[in-house]
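Trainee: I have a new structure open and I'd like to learn how to read it. Could we start with how parts of a chain pack together?

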Amino acid sequence: MSSSKQRQGRVITRFGAELLVEISPEERLRCTARRKFDQVACGDYVTIELAEHGNARLIEIAPRKNALTRPDYSHRLKTIAANIDQLLIMVSWRPEPFWELLDRYLVTAWLLDTSAVIIMNKDDLASQYASEEAVQTLQEYTQINYPVIKTIASNTADDAPGLTHLQQLIDGKTNVLVGQSGVGKSSLANLLLPDKDILVGEVSQSGEGRHTTTTTTLYSLPTGGSLIDSPGVRDFVLPDVSAQQLREGYQEFAKFGSYCKFNNCTHAHEPGCKVRMAVEAGELPARRYQRYLKLLSDIR
Ligand SMILES: Nc1nc2c(ncn2[C@@H]2O[C@H](COP(=O)(O)OP(=O)(O)OP(=O)(O)O)[C@@H](O)[C@H]2O)c(=O)[nH]1
Ligand SMILES: [Mg+2]
Ligand SMILES: [Zn+2]
């Protein structure tokens with residue numbers, strides 16, 4: 001029976017047409033994927049078939065709950081990770097925070113129907129590099145109810161601030177670490193996975209990490225759930241979003257936006273816009289709103 005040669009598992013990582021699939025905590029198998037499975041990605045649930053000589057091949061990808069995508073060098077959308085419960089969006093004080101990128105990831109989390117956690121790493125560098133404006137900008141995310149956790153990923157697990165809180169938030173979920181290159185994603189992954197040895201980039205004078213992460217990899221968390229470390233980005237372009245999706249992705253607008261004069265209000269220039277009034281009254285953070293207007297003009 002061929003079915004006795006079939007196994008189900010989850011994709012841990014992919015190198016071209018080669019996949020590493022976790023069948024159980026004790027068993028991992030290498031297998032190959034044919035071209036029709038070009039979109040298979042880290043986090044996919046798959047069925048593989050064992051062949052002779054220890055070879056295995058992919059025969060089915062289970063329907064996905066969601067997928068995080070990014071355009072590749074030829075501007076084709078590539079799946080980074082599939083079946084995600086939560087985005088861990090990391091920024092740092094150096095490289096300095098790229099707030100617009102953070103906002104795009106927050107909209108993406110809304111689109112993918114995942115929760116989001118904002119991680120401000122390298123908090124040891126705050127006194128040296130954090131401007132007052134940047135500190136306030138970060139504080140504004142707390143104000144609009146996103147969990148914000150400050151970490152020092154270069155510390156050891158014993159004296160790493162925020163780690164316990166973060167562990168509680170990621171427990172049992174499939175979490176993906178995203179953010180600019182060099183912010184410390186792999187360093188934090190090392191802290192959360194003490195028995196792994198994930199390569200971390202030593203930042204040279206040019207600011208370029210030498211061990212920059214090049215493949216997305218899923219790691220099982222000791223307490224259940226998993227953590228996916230992904231390569232850093234220079235930029236992250238929103239996948240095709242409509243103006244409506246963008247404004248819905250700015251979740252703090254919702255409680256004001258339902259009272260706007262026009263029910264398709266873009267919250268940009270319309271009369272009777274309650275979102276803009278809330279911004280003017282200081283009830284919504286103005287900087288977030290300005291970034292929203294920028295993203296709105298980008299998609300038009
Ligand atoms: N001072 C300080 N340095 C840190 C901290 N966390 C990480 N680093 C350093 O930052 C550099 C980059 O860390 P990585 O973990 O490789 O960053 P990354 O986000 O995985 O980068 P990519 O894989 O290129 O996306 C390394 O030199 C780390 O040692 C921190 O909390 N404080
Ligand atoms: Mg990395
Ligand atoms: Zn409005």
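Mentor: Sure. Buried area is the accessible area that two parts lose on being put together, summed over both. Keep in mind that this is a predicted model. Here the chain is divided into domain 1 (2–61), domain 2 (67–229) and domain 3 (243–299). Between domain 2 and domain 3, about 1500 Å² is buried, and carbon and sulfur atoms give 56% of that.

Trainee: Which residues in domain 2 lose the most area to domain 3?

Mentor: Glu-100, Trp-110 and Ile-144, which together make up 36% of what that side buries. The contact takes in 16 residues of domain 2 and 15 residues of domain 3.

Trainee: How many salt bridges does the rule find across that interface?

Mentor: Five of them. For a salt bridge to look at, try Arg-288 and Asp-103, whose side chains meet at 3.0 Å, N to O.

Trainee: Now the metal. What coordinates the magnesium ion (ligand 2)?

Mentor: Water is not among the atoms, so sites may look incomplete. In this one, Ser-186 (OG) and Thr-213 (OG1) coordinate the ion at 2.0 to 2.2 Å. The two are 27 residues apart: Ser-186 belongs to helix α5 (residues 185–192), while Thr-213 is in the loop between α5 and β12 (217–220).

Trainee: Are Ser-186 and Thr-213 buried or exposed?

Mentor: Both are buried.

Trainee: And strands: how do β6 and β7 run?

Mentor: Antiparallel, with five bridges joining β6 (residues 67–71) to β7 (residues 77–82). Ala-67 stands opposite Ala-82 in β7. Five residues lie between the strands of this hairpin, where His-75 takes a positive phi near 65°.

Definitions and conventions
Residues numbered from 1 in each chain as written. Chains lettered and ligands numbered in written order. Predicted model: local features only at pLDDT ≥ 70, side-chain atom pairs only at ≥ 80, totals over all residues. Heavy atoms only, no water. Donors = N, O, S within 2.8 Å, 3.2 Å for Na, K, Ca; no water. Helix = DSSP H or I, 4+ residues; strand = E, 2+ residues; numbered from the N terminus. Buried < 20%, exposed > 50% of the residue type's maximum accessible area, 1.4 Å probe, protein only. Pairing = 2+ DSSP bridges. Domains from an automatic or database assignment. Contact = heavy atoms within 4.5 Å. Buried area = accessible area lost by both parts, 1.4 Å probe. Salt bridge = Lys/Arg side-chain N within 4 Å of Asp/Glu carboxyl O.
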